[in-house]
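Trainee: I would like a close look at one part of this model, with the rest of the fold brought in where it helps. Please take the cysteines as the place to start.

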Amino acid sequence: MTTYRGSWGADEVEAFLRETEIPIRIATHRPDGSLWLVTLWFRYRDSALECATQASADVVRFLRNDPDVAFDISTNQIPYRGIRGNGTATISDDDGKAVLRDLVERYLGGDDSSLARWLLADDRDEVCIRIEPQEIYSWDFSDRMGSDTDG
């Protein structure tokens, strides 16, 4: 069960995650104990954050070694708002690239670009990173900074 703290309750956090097209930043540990930070596209499904990446990516190996993560999804434009938290990641096959296809649609608006075709190429082996949040802290500076934002 996720614990929510900060400016928003669970419903507002979920609305932010569904509407936001900002990549997630995920912090994990490398096998030597040092920290690693990676930025990925995400979607919010069934109370979890899901990303897709190549099966051979370093972050996949790191998460298989230690599934504990911290994450941040926050705007880069005024008014600043977003969430950060921690949770546990699991890795699974992205069968038929279903997660990746959804992310390509979400972030690129379709598969009619060279980047989309490269990402969806048959020779790419993709996995799904699913993060089950344990704690989410939200902030929203709209009242202090104004509410004109593009996200």
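How far is the sulfur of C128 from the closest cysteine sulfur, and in which residue does that closest sulfur lie?

Mentor: The model is a predicted one. In it, the sulfur of C128 has its closest cysteine sulfur in C51, at 7.6 Å, which is too far for a bond. A disulfide would need the two sulfur atoms within 2.5 Å, and the structure holds zero disulfides. Both cysteines are nevertheless covered: C51 is buried, with a relative accessible area of 0%, and C128 is buried at 5%.

The two cysteines lead on to helix α3. Strands β5 (48–54) and β8 (126–140) are among the elements that cover the buried residues of α3, as are α1 (10–19), β4 and α4 (114–119). The buried residues of α3 itself are V99, L100, L103, V104, R106 and Y107. An α-helix has 3.6 residues a turn, so residues three or four places apart point the same way. Just after α3, G109 takes a positive phi of about 80°.

Two of the buried residues of α3 also take part in ring contacts. R106 lies over the face of F42, at 4.9 Å from the ring centre. Y107 forms an aromatic pair with W41 that is stacked, with 5.0 Å centre to centre and 5° between the planes. This pair links distant parts of the chain: W41 belongs to the loop between β3 and β4 (43–45), Y107 to helix α3 (residues 98–108), and the two are 66 residues apart. The partners differ in cover, because W41 counts as partly exposed at 23% relative accessibility, whereas Y107 is buried at 16%.

A search of the whole structure finds three aromatic pairs. One of them joins W36 and F62, and this pair is edge-to-face, with 5.6 Å centre to centre and 75° between the planes. W36 sits in strand β3 (residues 35–40) and F62 in helix α2 (residues 58–65), 26 residues apart, so that distant parts of the chain are linked here too. Of these partners, W36 is partly exposed at 30% relative accessibility, and F62 is buried at 4%. A further charge sits over a ring at W118, where the charged end of R124 is 4.3 Å from the ring centre.

As for the surroundings, the secondary structure comes to five helices and eight strands. From the N terminus on, the elements run β-α-β-β-β-β-α-β-β-α-α-β-α. Among contacts between residues at least 6 apart in sequence, 72% join residues at least 24 apart. Of the 151 residues, 41% count as buried. The radius of gyration is 16 Å, which agrees with the value near 15 Å that a compact globule of 151 residues would have. Along its principal axes the C-alpha trace spans about 50 × 40 × 25 Å. The accessible surface comes to about 8,300 Å², and 45% of this belongs to carbon and sulfur atoms.

To return to the starting point, C51 and C128 are both buried, but their sulfurs are 7.6 Å apart and too far for a bond.

Notes: Residues are numbered from 1 along each chain as its sequence is written. This is a predicted model: local features need pLDDT of at least 70, side-chain atom pairs count only at pLDDT 80 or more; totals for chains, interfaces and linings use all residues. Side-chain values use heavy atoms; hydrogens and water are left out. Buried means under 20% relative accessible area, exposed over 50%, partly exposed in between (1.4 Å probe, protein chains only). Rings of Phe, Tyr and Trp (its six-membered ring) pair if their centres lie within 6.5 Å; planes under 30 degrees apart count as stacked, over 60 as edge-to-face and the rest as tilted. Helices (H or I, at least four residues) and strands (E, at least two) are DSSP runs, numbered from the N terminus. A charge sits over a ring if NZ of Lys or CZ of Arg is within 6 Å of the ring centre and within 35 degrees of the ring normal. The radius of gyration is taken over C-alpha atoms; the globule rule is 2.2 Å times the number of residues to the power 0.38. Contact means heavy atoms within 4.5 Å. Accessible areas come from the Shrake-Rupley method with a 1.4 Å probe; for residues, only the protein chains shown count as cover.
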